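Biologist: Show me the model, please. I want the reasoning behind each label.

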Amino acid sequence: MAVFTEVGFDEADALVQRIGLGPLTELRGIEGGIENTNYFATTASGHYVLTLFERLGPQQLPYYLCLMKHLAARGMPVPEPVADPDIAPPADHPLSIPADAPCEFLHRVAGKPAAIVQRLEGKSVLAPTAAHCAELGRLLAHMHQAARDFPRLQPNLRGLAWWNDTAPVVLPYLDAPQAALLRSELAYQNHVAASSAYAALPRGPVHADLFRDNAMFATDSDEPRLTGVFDFYFAGTDTWLFDLAVCLNDWAIDLPTGRHDALRADALLAAYVTVRPLTGAERALLPAMLRAAALRFWISRLWDFHLPREASMLKAHDPTHFERVLRERSHPSAAPLSWPVASGLAQAA
Ligand SMILES: Nc1ncnc2c1ncn2[C@@H]1O[C@H](COP(=O)(O)OP(=O)(O)OP(=O)(O)O)[C@@H](O)[C@H]1O
Ligand SMILES: N[C@@H](CCO)C(=O)O
């Protein structure tokens, strides 16, 4: 169970009562997750998730929590955070609010910054079909559009700068072929990021970690129905294409080999472009962003695996999975632009 910090019942009860959710009836640590401490909290008024942030602080958290509120207010199925009635929201200034401006959704529990958000119904589907991928693709495009007018700015904190800083930290743990792959891919991604095609990519607030285990589907329906997506704590302002690539690399991959699954990838992409067609620059850079997304999670998994933190019980994700995905994506025969959807349905916007 990823409970890094124990929370007493009385302390959680005091918080939920103070913010108007009524008395706490149940508090249960959640298994799974490797970043934060999570508890299911049930009160007289409903079901919630209490998250204590282990690495993030008041400089970064307002962006994530306010983004969730912004998306929920626009009808997106994301957990709505609950505000502290004693903290005034920042004065309305729609064009730009500093990322670290005070935030009414940020609480303090057991000495840690904390949030309490609505609990989503449903279950994650870890072996998605093309129909699940289509649901996800559609929602992703709608979220990109709904976040367009989000007024806070914060870069993706697990973006290129973090890869450049973290690669030297993990390199000593790699064998020679792995080290060569990491170095060459990083050089390639720095080159791509400096290009005019990359500068032309549309961008905005993105989830940046929308894996299968961060989405829920209804359990009472024969047809796949997405009930929501959560865990926005790696969100940031980045290219929409990178967000799409993160999803393709997790939802549309053959897990044992790391190979791309054309049926699921086409379904995800086709549903996405039905809502928001890709631009020419996006179609051209999709292969590069699939590599970037694989590199991002290879590096973070290497970092978590070789430099772990303490937890009550914690299972680090396997870094070699994303090494395989990256090798597949950077292999000369990898040609995602031959996907029918990439050459057919996706017209320049
Ligand atoms: N809003 C929510 N509604 C329902 N369940 C949730 C919600 N938030 C978290 N959970 C449950 O808690 C588990 C752990 O949450 P999460 O994935 O956010 O952990 P984490 O440690 O913050 O993130 P990571 O996925 O980065 O390791 C999820 O798998 C899910 O079962
Ligand atoms: N989704 C990430 C973990 C949390 O960021 C991974 O699978 O490596």
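Biologist: How many residues does helix 2 have, and how far does it reach from its first C-alpha to its last?

Modeller: This is a predicted model. Helix 2, residues 61-73, has 13 residues and reaches 18 Å. At 1.5 Å a residue, 18 Å is expected. The two values are close.

Biologist: Why is helix 2 called largely enclosed?

Modeller: Buried means under 20% relative accessible area. In helix 2, 11 of the 13 residues are buried, so the rest of the structure largely encloses the helix. Among them are Leu61, Pro62, Tyr63, Tyr64, His70 and Ala72. The cover over the buried residues of helix 2 includes strand 5 (112-118), helix 3 (130-146), strand 6 and strand 9.

Biologist: What follows helix 2?

Modeller: Gly75, with a positive phi near 85°.

Biologist: How do you know what helix 7 should span?

Modeller: Helix 7 covers residues 240-251, which is 12 residues. At 1.5 Å a residue they should span 16 Å, and the end C-alpha atoms are 16 Å apart, so the two agree.

Biologist: What makes helix 7 largely enclosed?

Modeller: The burial count does: 12 of its 12 residues are buried, so helix 7 is largely enclosed by the rest of the structure. The buried set includes Trp240, Phe242, Cys247 and Trp251. Asp243, Asn249 and Asp250 are also in that set.

Biologist: Why are helix 4 and helix 9 called oblique?

Modeller: Angles under 35 degrees count as roughly parallel, and 65 to 115 as roughly perpendicular. The axes of helix 4 (residues 160-170) and helix 9 (residues 280-306) cross at roughly 45°. That value fits neither class, so the pair is oblique. The two axes come within 10 Å. The crossing is left-handed.

Biologist: Which residues of helix 4 meet helix 9?

Modeller: Trp162, Trp163, Thr166, Val169 and Val170 do. Their partners in helix 9 include Ala292, Leu295, Ile299 and Trp303. By class, the contact of helix 4 with helix 9 has 9 nonpolar, 2 polar and 1 charged residues.

Biologist: What is the angle between helix 5 and helix 9?

Modeller: Helix 5 (residues 176-193) packs on helix 9 at about 130°, with the axes 10 Å apart. Roughly perpendicular ends at 115 degrees and roughly antiparallel starts over 145, so helix 5 is oblique to helix 9. This crossing is left-handed. Leu181, Leu182, Glu185 and Tyr188 are among the helix 5 residues in the contact. From helix 9, Met289, Arg291 and Trp298 are among those they meet. The contact of helix 5 with helix 9 divides into 12 nonpolar, 2 polar and 2 charged residues.

Biologist: What makes the phi of Ala208 worth a remark?

Modeller: Most residues other than glycine have a negative phi. Ala208 is not a glycine, yet its phi is positive, about 75°. It is found in the loop between strand 6 (203-206) and strand 7 (215-217).

Biologist: Is Ala208 buried or exposed?

Modeller: Its relative accessible area is 1%, which is under 20%, so Ala208 is buried.

Biologist: Why is Asp231 called partly exposed?

Modeller: Its relative accessible area is 23%, and partly exposed lies between 20% and 50%, so the label holds. Asp231 is found in the loop between strand 8 (226-229) and strand 9 (236-239). Its phi is positive too, near 60°.

Biologist: How do you know that Gly258 is buried?

Modeller: At 1%, its relative accessible area is under the 20% cut-off, so Gly258 is buried. Gly258 and Val325 are 67 residues apart in sequence, but 4.5 Å apart C-alpha to C-alpha.

Notes: Residues numbered from 1 in each chain as written. Chains lettered and ligands numbered in written order. Predicted model: local features only at pLDDT ≥ 70, side-chain atom pairs only at ≥ 80, totals over all residues. Heavy atoms only, no water. Axes fitted to C-alpha atoms, helices over the stretch in contact; angles between N-to-C directions. Helix = DSSP H or I, 4+ residues; strand = E, 2+ residues; numbered from the N terminus. Left-handed = near helix turned anticlockwise from the far one by under 90°. Contact = heavy atoms within 4.5 Å. Nonpolar A, V, L, I, M, F, W, Y, C, P; charged D, E, K, R; others polar. Buried < 20%, exposed > 50% of the residue type's maximum accessible area, 1.4 Å probe, protein only. Expected span 1.5 Å × (residues − 1).
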